[in-house]
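Colleague: I would like to learn how to read the cysteines, the charged pairs and the buried positions of a model, taking one feature at a time. Could we begin with the cysteines?

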Amino acid sequence: MDPAAAGQQLNDKIGLKLVELTPERVVGTIPVEGNLQPYGLLHGGANATVAEALGSVLAALNAGPERAAMGLELSCTHHRAVRSGTVTGVATPLHVGRGTITSEIVLTDDEGRRTCTARLTCVVRDRPPGA
């Protein structure tokens with residue numbers, strides 16, 4: 001990671017906590033508080049940020065240490081509004097290939113109700129020397 005970017009991570013700003021990290025499943029949580037839109041609901045951009053973060057970690061774990069995974073396409077369907085508590089995201093692989101990795105990310109509220117379904121495709125490339 002670029003040292004200048006270390007203190008500027010969006011994941012930190014939204015309060016993302018990674019709680020499980022395997023190539024088969026990445027789980028993370030964010031608080032709803034602090035991530036609201038003007039109507040007092042969880043911001044859709046927060047859902048997208050969680051989805052991209054978890055799916056990108058899953059892709060990086062599957063790509064391996066000599067390769068880099070970067071988001072190529074993200075789609076989110078927001079099913080249910082959330083006003084308080086915590087949102088949990090679970091990313092699982094749909095496709096793991098040499099050039100792309102696609103994951104499904106399901107976000108749920110504290111009662112286990114699905115609030116958002118996302119799909120992220122990451123492109124996978126060889127890391128440049130020294131990166």
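Modeller: Let us start with Cys76, which counts as partly exposed at 26% relative accessibility. Please keep in mind throughout that this is a predicted model.

Colleague: How many disulfides does a search of the whole structure find?

Modeller: In general terms, a disulfide is a covalent bond between the sulfur atoms of two cysteines. Here the search of the whole structure finds 0 disulfides.

Colleague: Why is the sulfur of Cys76 not bonded to the closest cysteine sulfur, in Cys116?

Modeller: The two sulfurs are 4.6 Å apart, which is too far for a bond, because a disulfide requires a pair of cysteine sulfur atoms within 2.5 Å. For Cys122 the closest cysteine sulfur is that of Cys76, at 13 Å, and this too is too far for a bond.

Colleague: Is Cys122 buried or exposed?

Modeller: Cys122 counts as buried, with 1% relative accessibility, whereas Cys76, at 26%, is partly exposed.

Colleague: Turning to charged pairs, how many salt bridges does the structure hold?

Modeller: The idea is to look for a side-chain nitrogen of Lys or Arg within 4 Å of a carboxyl oxygen of Asp or Glu, and the structure holds 4 such salt bridges. One of them joins Glu20 to Arg25, with the closest N and O atoms 3.1 Å apart. Glu20 is partly exposed, at a relative accessible area of 29%, and Arg25 is likewise classed as partly exposed, at 35%.

Colleague: Which residue does the side chain of Arg67 meet in a salt bridge?

Modeller: The side chain of Arg67 meets that of Asp126, with an N to O distance of 3.0 Å. This pair links distant parts of the chain, since Arg67 lies in strand S3 (residues 67–78) and Asp126 in strand S6, 59 residues apart. As for accessibility, Arg67 is buried, with a relative accessible area of 15%, while Asp126 is exposed, with a value of 52%.

Colleague: What is the N to O distance in the salt bridge between Glu111 and Arg113?

Modeller: For Glu111 and Arg113 the distance is 3.7 Å, N to O. Salt bridges that share partners join these two residues with Asp109 into one network. Within that network, Glu111 is exposed, with a relative accessible area of 63%, and Arg113 counts as partly exposed, at 33%.

Colleague: Where is Arg98 found?

Modeller: Arg98 sits in the loop between strand S4 (86–96) and strand S5 (100–108), and at 61% relative accessibility it counts as exposed. When residues up to four places away in sequence are not counted, Arg98 touches Arg67 and Val124, and this Arg67 is the residue whose side chain forms a salt bridge with Asp126. A separation along the chain can also be set beside one in space: Arg98 and Gly15 are 83 residues apart in sequence, and their C-alpha atoms are separated by 32 Å.

Colleague: To finish with a position in a strand, is Thr115 buried or exposed?

Modeller: Thr115, whose place is in strand S6 (residues 114–126), is buried, with a relative accessible area of 0%. Setting aside neighbours within four places in sequence, its contacts include Thr77, His78, His79 and Arg80, together with Val82 and Val87. Leu107, Thr108 and Asp109 are also among the residues in contact with Thr115, and Asp109 has already appeared in the network with Glu111 and Arg113.

Key
Residues numbered from 1 in each chain as written. Predicted model: local features only at pLDDT ≥ 70, side-chain atom pairs only at ≥ 80, totals over all residues. Heavy atoms only, no water. Helix = DSSP H or I, 4+ residues; strand = E, 2+ residues; numbered from the N terminus. Buried < 20%, exposed > 50% of the residue type's maximum accessible area, 1.4 Å probe, protein only. Contact = heavy atoms within 4.5 Å.
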